[in-house]
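Here's a walk through the fold, piece by piece. Keep the viewer open and follow along.

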Amino acid sequence: MNLYIGCILDVRIRLNLLIIPAIPLLLLFGDVVLLVNMFTAVLLHELSHAFAARMFGLRVQSLDIMPLGGVAVVEGLEFAGQGAECVIALVGPVFSFFCATACICFGAWMPFMQDGFRMFAQCSMAIAVFNMLPSFPMDGGRALRAALSFAVNEKTAESICIFLSFLIAAGMVAAGIYYLAAGSLKPMVFGVAAMLLLSAFAEMKKKPYAVIKTMAGRKGAMGRRGNMKIRYIAAEGSETGGKIVAMFRPNRYHIVCVLDGRGGIIGHITQDMLLEGMIGYGTTVKLKDLL
């Protein structure tokens with residue numbers, strides 16, 4: 001659940017309701033100025049994602065501010081292509097790093113405001129570094145998945161990033177236990193670990209649908225470009241659609257030559273036909289059943 005709090009340049013800003021009970025505690029035990037700086041840094045970070053998405057012609061539904069960061073809700077991002085997803089993901093950390101550098105320069109230029117600029121620079125730098133972790137739901141995880149998709153199929157790229165997410169979450173838990181054993185409780189460390197674990201499990205649940213998302217994304221790219229190189233794949237009719245899609249490569253339109261047991265061609269299936277078949281019958285549908 002999110003609470004609408006305003007609009008910036010036609011982008012709706014929403015506050016996650018989970019953060020509301022924490023605000024009194026943060027104000028009571030935390031630094032109010034630090035919280036304001038962190039909120040502003042997160043907002044600017046997410047706005048940079050939103051403007052990058054608009055450059056690719058995507059519609060930004062909202063910016064949601066949550067207890068441990070924020071998220072730009074972009075419509076159709078999963079179908080925008082690997083290049084667009086990678087750029088949109090990396091723009092956030094790059095812009096946060098730029099803000100931190102600019103504040104350091106302004107602080108040196110205006111010494112009487114140096115403390116304020118330094119605090120905002122530290123917040124922006126922390127957001128930039130944290131978001132570059134190669135883990136879901138961080139920008140680094142999404143950018144790595146998109147980059148890997150140029151070298152391997154999307155399913156493998158997704159699996160690698162999910163594994164890294166679990167590995168980093170386990171490291172955070174180990175760090176939290178270490179601090180606890182040393183007599184210092186670090187609830188933020190356990191909170192971040194929990195967020196990474198939940199995100200990794202969420203990506204695992206979506207993984208079976210990754211092939212269908214990939215097919216739809218290729219169809220959208222075909223419509224935007226108007227042309228695409230063709231790649232042929234030969235497979236027996238007993239093979240499943242999901243296994244064939246795992247062999248697909250980026251920026252290619254695929255046509256499957258369906259063979260009988262003796263190696264003879266019994267028909268052809270385009271990737272659009274394969275998409276429709278998997279939507280209707282699932283990823284285990286056999287090629288011969290789509291002819």
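## The hairpin at the start

Let's begin with β1 and β2, which form a hairpin with two residues between them. In that turn, Leu9 has a positive phi of about 50°. Keep in mind throughout that this is a predicted model.

The two arms of the hairpin, β1 and β2 (residues 11-16), run antiparallel and are joined by six bridges. To find your place in the ladder, look for Tyr4: its bridge partner in β2 is Arg14.

## The rest of the sheet

Zoom out and you'll see an open sheet of four strands, in the order β1-β2-β3-β4, with mixed pairing. The edges are β1 (2-8) and β4 (69-75), and each of these pairs on one side only. On average, neighbouring strands in this sheet are turned by 25° against each other, direction ignored.

Where does the parallel pairing come in? It sits between β2 and β3, which are held by three bridges in the parallel sense. Arg14 turns up again here, standing opposite Asp64 in β3. So that you can place Arg14 on both sides: Tyr4 is its bridge partner in the β1–β2 pairing, and Asp64 in β3 stands opposite it too.

Next along, β3 (residues 59-66) pairs with β4 in the antiparallel sense, over seven bridges. Met66 is a handy marker, as it stands opposite Gly69 in β4.

## Helices α3 and α4

Now for the helices. A pair of packed helices is described by the angle between the axes and the distance between them. For α3 (residues 82-109) and α4 (residues 114-131), the angle is about 160° and the axes are 8 Å apart. That makes α3 roughly antiparallel to α4, and their crossing is left-handed.

Which residues do the touching? On the α3 side they are Pro93, Ser96, Phe97, Cys99, Ala100, Cys103, Ile104, Phe106 and Gly107. Facing them from α4 are Gln114, Phe117, Phe120, Ala121, Ser124, Met125, Ile127, Ala128 and Asn131. The residues of this contact split into 13 nonpolar and five polar, with no charged ones.

## A cis proline on the way to α5

Move on into the loop between α4 and α5 and you'll find Pro137. The peptide bond joining Phe136 and Pro137 is cis, with omega at about 5°.

## Helices α5 and α6

The next pair is α5 with α6 (residues 154-181), packed at an angle of about 150° with axes 8 Å apart. That makes α5 roughly antiparallel to α6, and the crossing here is right-handed.

From α5, the contact uses Gly141, Leu144, Arg145 and Leu148. From α6, it uses Ala157, Glu158, Ile160, Cys161 and Leu164. Sorted by type, the residues of this contact come out as six nonpolar, one polar and two charged.

## Salt bridges

Side chains of opposite charge can pair when their charged atoms come close. How many salt bridges are there in this model? The count comes to five, with a cut-off of 4 Å from side-chain nitrogen to carboxyl oxygen.

One to click on is Arg145 with Glu85, whose side chains meet at 2.7 Å, N to O. Arg145 lies in α5 (residues 139-148) and Glu85 in α3, so this pair ties together parts that are 60 residues apart in sequence. You've met Arg145 already, among the α5 residues that contact α6.

Technical notes: Residues are numbered from 1 along each chain as its sequence is written. This is a predicted model: local features need pLDDT of at least 70, side-chain atom pairs count only at pLDDT 80 or more; totals for chains, interfaces and linings use all residues. Side-chain values use heavy atoms; hydrogens and water are left out. Axes are lines fitted to C-alpha atoms, for helices over the stretch in contact, and angles run from 0 to 180 degrees between N-to-C directions. Angles under 35 degrees count as roughly parallel, over 145 as roughly antiparallel, 65 to 115 as roughly perpendicular and the rest as oblique. A crossing is left-handed if the near helix is turned anticlockwise from the far one by less than a right angle, and right-handed if clockwise. Contact means heavy atoms within 4.5 Å. Ala, Val, Leu, Ile, Met, Phe, Trp, Tyr, Cys and Pro count as nonpolar, Asp, Glu, Lys and Arg as charged, and the others, Gly among them, as polar. Two strands pair if DSSP finds at least two bridges between them.
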